[in-house]
Amino acid sequence: MPSPLICSPEWQALQGHQQTIAGLRIQSLFAIDKNRFKHFSLTLDGMLVDFSRHFLTNETLPLLLALAHARDLPTWIARMFNGEHINNTENRAALHIALRADKPVYCDGRDVTADVQRVLAQMEKFVTAIRSGIHTGFTGQRITDVVNIGIGGSYLGPQLACQALRPYADGSIRAHFVSNVDGENLSAVLGGLNAATTLIIVVSKTFTTQETMTNAQAARHWLVAQLGSESAVGQHFAAVTSNTEKVAQFGIAPQHVFEMWDWVGGRYSLWSAVGLPVALYAGMAAFQALHAGARVMDAHFRDTPLAHNLPVVLGLLDVWYINFFNTQARAVLPYAQALSRLPAYLQQLEMESLGKSIARDGTTVDYATGNIVWGEPGTDSQHSFFQLLHQGTLLIPADLIAGCRSVAGFREQHALLLSNYFAQGEALMNGKADANSPQAVVAGNRPSTSILVEELDAKHLGMLLALYEHKVFVQSVIWNINAFDQWGVALGKQVADRILPTLAGDAKTATFDASTNGLINFYKEHRP
């Protein structure tokens with residue numbers, strides 16, 4: 001028996017509608033409606049989102065919105081903002097919006113923003129002390145480099161934000177990131193640094209994350225060896241965690257420990273003290289501007305009718321393609337070198353949140369949820385995988401993202417960059433005919449969303465990231481899945497914990513399946 005979602009009249013209406021427009025060319029819709037751009041684009045505080053180059057007629061959005069109402073989306077939005085335990089499998093709220101709120105947000109009858117403001121004030125004091133030179137290292141020298149040790153959301157968000165805000169940083173602090181347990185990652189970062197001027201931030205909610213703590217211990221040994229004293233740890237380490245006992249054992253000073261909460265998932269945690277490297281690198285004002293931009297999007301998502309709501313429209317577009325056009329991937333193409341880590345950030349946000357096959361009620365879904373998110377910055381990507389986007393056999397919707405102004409100041413280069421940005425959306429839609437060579441024909445009719453902001457500053461970066469956060473939530477509501485757990489992530493770690501002891505010694509193993517045994521035994525034969 002199909003699920004209630006598949007059987008719903010709203011879903012059935014969308015299936016019928018898709019069949020009626022299956023042969024539609026997007027290009028023709030612009031000829032029919034001269035005001036199509038106006039009708040199928042939305043603006044918000046310096047951000048333009050153009051979704052006119054999609055398989056959308058005047059009937060499509062009302063049908064998608066009917067599905068959203070049938071799935072009770074407005075109520076779910078209110079439930080999230082009201083601090084209800086919408087993360088049902090872990091019995092928690094999902095209150096990343098509280099991290100950037102400027103008014104009370106309640107969870108279990110308590111205003112959690114009081115805790116948030118306390119930690120932000122602690123961050124500001126610490127950032128001021130580091131950047132002003134009041135807080136020095138063990139030898140009395142100023143801190144010039146910050147190393148963030150974390151993984152997943154404890155790494156991708158801060159790395160993206162630091163890279164994006166590089167034009168706004170004053171250069172007094174350099175930011176570095178270590179995530180991979182491969183020792184080459186840590187070695188490459190620490191090898192170029194002076195321990196006497198380095199601050200190391202360990203980011204782990206439990207302070208037990210295997211990869212993070214292995215790297216943290218190695219960094220601790222490096223620091224002590226370089227500075228010749230265990231006492232140096234207190235001045236050169238900080239932690240973002242909820243496990244104060246483990247931090248104390250590590251030797252980090254209590255005043256350098258920044259709290260995390262269980263109502264914030266890792267991939268939504270940039271706005272918390274997880275963003276400490278961002279504040280140190282670009283300044284507390286930039287970190288606050290990041291919050292301000294996210295707050296703009298939060299208010300828009302909470303208060304705007306669904307038909308004019310940016311995250312809702314983008315979320316429904318993804319549902320439209322994934323479930324009714326059977327697309328399995330979406331390309332994220334930032335025309336900004338500063339956003340080169342955005343595709344990786346969105347990979348975690350979307351694929352960890354939506355990669356679920358079990359519904360909230362424990363039943364197995366009978367419809368697609370989530371897709372593969374991938375991409376690279378333009379114009380580099382135009383000379384690699386754009387060939388597949390234009391002439392391949394797969395239908396891959398694309399997000400094209402750019403800023404109107406160049407902070408770097410290279411106006412001619414920025415104009416060239418934007419000419420490519422504008423051109424690719426048009427080329428994906430229109431294609432190209434060629435009477436002389438079938439190989440030169442580009443069919444076109446490839447959908448894309450264009451996101452354009454005044455400037456890729458901290459505020460608009462905050463808006464952009466919050467836009468995608470809320471888009472993901474919209475999709476999860478439609479599909480009746482929990483966007484805030486990630487049980488699949490733990491499985492590989494559990495298996496690794498069983499394998500690790502067997503790697504000691506030279507004896508062959510027969511503990512696991514034949515493939516795993518063969519791989520381990522080959523490794524033992526060829527290791528030093």
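Which residue in β6 does N148 stand opposite? I looked this up first: N148 stands opposite F177.

**Ground rules.** I am working on a predicted model, in which local features need pLDDT of at least 70 and side-chain atom pairs count only at pLDDT 80 or more, while totals for chains, interfaces and linings use all residues. Residues are numbered from 1 along each chain as its sequence is written, and side-chain values use heavy atoms, with hydrogens and water left out.

**Entry 1, strand β5.** I took helices (H or I, at least four residues) and strands (E, at least two) as DSSP runs, numbered from the N terminus. Strand β5 covers residues 145–149, and five of its five residues are buried. I use buried for under 20% relative accessible area, exposed for over 50%, and partly exposed for in between, with a 1.4 Å probe and protein chains only. I checked the two faces of β5: D145, V147 and I149 lie on one side, V146 and N148 on the other, and all are buried.

I then looked for the partners of β5. Strands count as paired if DSSP finds at least two bridges between them. β5 runs parallel to β6 (residues 174–178), with five bridges joining them. Strand β7 (residues 198–203) is also parallel to β5 and joined to it by five bridges. In that pairing V147 has I200 as its bridge partner.

I noted the connection as well: β5, helix α8 (residues 156–164) and β6 form a right-handed β-α-β unit. Right-handed here means that, with the strands pointing away from the viewer, the path from the first strand over the helix to the second runs clockwise.

**Entry 2, strand β10.** Six of the six residues of β10 (residues 329–334) are buried, so I recorded this strand as largely enclosed by the rest of the structure. On one face I found A329, A331 and L333, on the other R330, V332 and P334, all buried. β10 pairs in the parallel sense with β11 (residues 372–374) over three bridges, and with β12 (residues 398–403) over four bridges. A331 has a bridge partner in each: W374 in β11 and A398 in β12. β10, α16 and β11 make a right-handed β-α-β unit.

**Entry 3, Q348.** I went next to helix α16 (residues 342–354), which holds Q348. Is Q348 buried or exposed? Its relative accessible area is 13%, so I list Q348 as buried. Leaving aside neighbours within four places in sequence, I found Q348 in contact (heavy atoms within 4.5 Å) with G152, G153, L156, R267 and S353.

**Entry 4, H256.** H256 sits in the loop between α12 (244–250) and β9 (257–259). H256 is buried, at a relative accessible area of 7%. Not counting residues up to four places away in sequence, H256 touches F126, H135, G234, F237, A238 and A239.

**Entry 5, cores.** I define a nonpolar core as a set of buried Ala, Val, Leu, Ile, Met, Phe, Trp, Tyr and Cys residues joined through side-chain atoms within 4.5 Å. The largest has 132 residues, and those with the most contacts inside it are M47, M123, W263, W320, L339 and L342. Helix α19 (residues 458–479) gives the largest share of this core, 14 residues. Apart from this core lies another, of 27 residues, among them V147, L186, L190 and A219.
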